[in-house]
Structure formats: structure tokens, C-alpha cells
Amino acid sequence: MSIMKKSHEYLRMDKLPLFWCPGCTDGIVLGSIARSLAELNLKKEKVVVVTGIGCWGKADDYIATHTVHVTHGRAVSFATGIKSADPELKVLVLMGDGDCATIGGNHFIHAARRNIDLTAVVVNNFNYGMTGGQYSATTPEGSLTSTSTQGTVEPAFDLCQLAIASGATYVARTSPYHVLPMQKMLTRAIDKKGFSFLDIVSTCPTHYGRRNKIGGPAEMMAWLRDHGVSLEKYEKMTAEEREDIFPVGVFEDRDQLDHSTKYRAQWAKA
Ligand code: SF4
């Protein structure tokens with residue numbers, strides 16, 4: 001059976017059509033996650049997908065594994081509890097930038113520090129899409145949102161640097177335009193033991209694209225193509241050339257014993 005066909009086993013095809021706005025890239029990421037689960041041939045009953053609140057938080061509606069839909073900014077905390085109770089489970093946490101880095105920032109950095117064996121997938125569209133396009137901790141400085149109508153004056157978090165500094169053992173950035181690398185990164189992130197983090201720079205044509213005059217779905221996809229450059233190329237660019245550019249690639253991939261393994265080994269000796 002092809003991976004594409006097998007991936008349908010991980011999706012609730014009966015729930016289609018998707019809830020998201022036309023041209024939203026959330027559906028591309030969802031399809032890639034299903035293909036990664038199929039590629040890894042994971043048993044559905046051994047996978048738990050935890051989501052928070054927001055447009056991307058609706059992803060669990062379409063996933064046919066175990067799913068838990070929780071409160072805003074607390075998806076990583078629930079996922080930590082699930083993983084600690086049963087380390088055999090493969091636990092994915094799907095969050096938006098508001099959920100992960102703004103409301104849930106503290107939970108995120110401590111899960112990375114503890115090296116909890118989770119796969120955190122952030123769809124980073126630079127605003128709170130579901131609640132009307134307010135600015136978040138990743139909104140680029142100067143951008144227009146419903147709560148920064150003259151341009152936000154706050155610097156944005158670089159989520160990959162935040163994850164690395166906090167201790168994550170796999171850290172990568174991609175976008176739905178870079179769909180083949182995204183697929184590979186997702187498969188690696190899900191398969192790897194330890195805290196894996198994927199920053200997927202995404203589009204919200206309804207709010208962010210419209211307010212910042214980037215355009216509709218096609219123009220936003222072109223924006224991802226033109227502003228996402230490989231890490232190798234990015235490293236050779238000057239500070240001036242890097243303005244409005246985001247590097248895509250793998251920033252960190254190292255081995256370190258995860259929290260549950262260390263914790264259980266310590267108690268086995270007691
Ligand atoms: Fe996607 Fe934005 Fe619509 Fe939410 S509001 S579904 S992020 S386009």
C-alpha cells in the first residue's frame with residue numbers, strides 16, 4: 001500500500017471538509033503528519049495527539065489516533081503527564097505560536113529542559129488566527145495585527161533558538177511551501193527519542209496576510225518561498241540581507257537520555 005493511501009488510516013476522512021479558511025496551510029501540515037505516522041507504521045492505539053486552543057488546535061478533529069483537546073497554552077503540560085504515565089506512548093503536541101510560545105511559554109521551555117520525549121509541532125502564523133488576529137510572541141516587529149494597528153513594537157521570539165537554549169534535542173524549521181523537507185523533518189522528529197521541536201512557518205491569509213498586504217493564499221505561499229532560505233545560505237548572508245528572511249533546516253539533532261528513561265532507571269535502583 002502506498003504511504004499516501006496508508007496515511008488515510010490516520011485521518012478521520014468522515015470529518016472532511018476541513019474547518020480551516022480556504023488557503024490556510026494547516027491542512028498541508030496535517031496531511032504531512034498523517035504521512036509521517038504512516039511511514040513510521042505506528043500503531044494508532046500507541047499514538048496520542050494533544051492539541052491546545054486555536055485554529056491549529058482543531059487538527060485533532062481529523063486525526064484517528066487517540067486525541068486530547070485541552071486548555072489554551074497547556075498542551076505541553078497535558079502531554080508531559082500522558083508521557084510520564086505511559087512512556088511507551090508516542091505523544092505529539094500540536095500548537096500554534098500563541099499556544100506554545102505566548103500563553104504556554106513557561107511549559108514549553110521546561111518540557112525542553114527536562115527533555116520530555118514529545119514531538120512538539122508548532123504552526124507559526126505570527127498571530128492568534130482563531131480569535132481575530134491579535135499579535136503573539138512571534139509576530140515580527142512592525143507587523144500589523146488587530147491589536148497592533150500601527151505595527152507591533154515588540155521584538156519576536158525565534159522559537160528555534162528558544163528551544164535550543166532550553167535544551168531540546170531535535171530542533172528544525174520549515175514551512176508548508178517546503179513540503180518535502182517538512183515531511184522528512186516530521187518523520188525524524190516523531191521517530192526521535194527526546195524533546196523534538198518543529199517550527200513550521202505558516203500562513204494566515206484571513207488575518208495576517210490581509211492586514212500586512214501580503215495578499216491571499218497564493219501570494220502568501222510565494223512569500224514563504226521567497227523568505228525561507230536554507231540554513232547554509234542564511235549563514236553566508238549579511239545582517240541587512242537577513243531582514244525578513246527565515247532560515248529553514250535542522251538546527252539541532254543530538255542524543256540525550258529522555259526524562260522518563262532517566263527517572264525510571266533511578267527508581268529501579270532505589
Ligand atoms: Fe487559517 Fe488564519 Fe483562517 Fe485560522 S483564521 S483557519 S490560521 S487562515
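Here, a residue counts as buried under 20% relative accessible area, as exposed over 50%, and as partly exposed in between. Keep that scale in mind for the close-ups below, which all come from a predicted model.

**View 1. Arg 225 and Asp 226 form a salt bridge.** The closest N and O atoms of Arg 225 and Asp 226 are 2.8 Å apart. Arg 225 has a relative accessible area of 42%, so it falls in the partly exposed class. Asp 226 is partly exposed as well, with a value of 44%.

**View 2. Arg 173 meets Asp 158 in a salt bridge.** Look for the N to O distance of 2.8 Å between these two side chains. Arg 173 belongs to strand β7 (residues 170-174), while Asp 158 sits in the loop between β6 and α6, so the pair ties together parts that are 15 residues apart in sequence. How accessible is Arg 173, buried or exposed? Arg 173 counts as buried because its relative accessibility is 5%. Its partner Asp 158 reaches 34% and is therefore partly exposed.

**View 3. Arg 173 also pairs with Asp 199.** Here the side chains of Asp 199 and Arg 173 form a salt bridge, at 2.9 Å from N to O. Asp 199 is part of strand β8 (residues 196-201) and Arg 173 of strand β7, so this contact links parts that are 26 residues apart in sequence. With a relative accessible area of 2%, Asp 199 is buried.

**View 4. Four side chains share a network of salt bridges.** The members to find are Arg 188, Lys 192, Asp 253 and Asp 255. For context, the structure holds twelve salt bridges. As a reminder, side chains of opposite charge can pair when their charged atoms come close.

**View 5. Thr 152 contacts the backbone of Glu 154.** You will find Thr 152 in the loop between β6 (134-135) and α6 (159-166). Its side chain reaches the backbone nitrogen of Glu 154 at 3.3 Å. Thr 152 is buried, since its relative accessible area is 5%.

**View 6. A shell of residues lies around the ligand.** Among them are Trp 20, Cys 21, Cys 24, Cys 55 and Asn 125. The shell also includes Gly 129, Cys 204, Pro 205, Thr 206 and His 207. Six of the shell residues are nonpolar, four are polar and none is charged.

**View 7. Met 13, Leu 16 and Leu 18 form a nonpolar patch on the surface.** Together these residues offer about 240 Å² of accessible area. Leu 18 lies in the loop between α1 (3-7) and α2 (26-39). At 36% relative accessibility, Leu 18 is partly exposed.

Terms used. Residues are numbered from 1 along each chain as its sequence is written. This is a predicted model: local features need pLDDT of at least 70, side-chain atom pairs count only at pLDDT 80 or more; totals for chains, interfaces and linings use all residues. Side-chain values use heavy atoms; hydrogens and water are left out. A residue is near a molecule or strand if one of its heavy atoms lies within 4 Å of it. Ala, Val, Leu, Ile, Met, Phe, Trp, Tyr, Cys and Pro count as nonpolar, Asp, Glu, Lys and Arg as charged, and the others, Gly among them, as polar. Patches are made of residues with over 30% relative accessible area and no salt bridge: like charges are joined within 9 Å, nonpolar side chains (Val, Leu, Ile, Met, Phe, Trp, Tyr) within 5 Å. Accessible areas come from the Shrake-Rupley method with a 1.4 Å probe; for residues, only the protein chains shown count as cover. Helices (H or I, at least four residues) and strands (E, at least two) are DSSP runs, numbered from the N terminus. Buried means under 20% relative accessible area, exposed over 50%, partly exposed in between (1.4 Å probe, protein chains only). A polar contact is a pair of N or O atoms within 3.5 Å; within protein, one must be able to donate a hydrogen and the other to accept it, and residues adjacent in sequence count only if both atoms are side-chain atoms.
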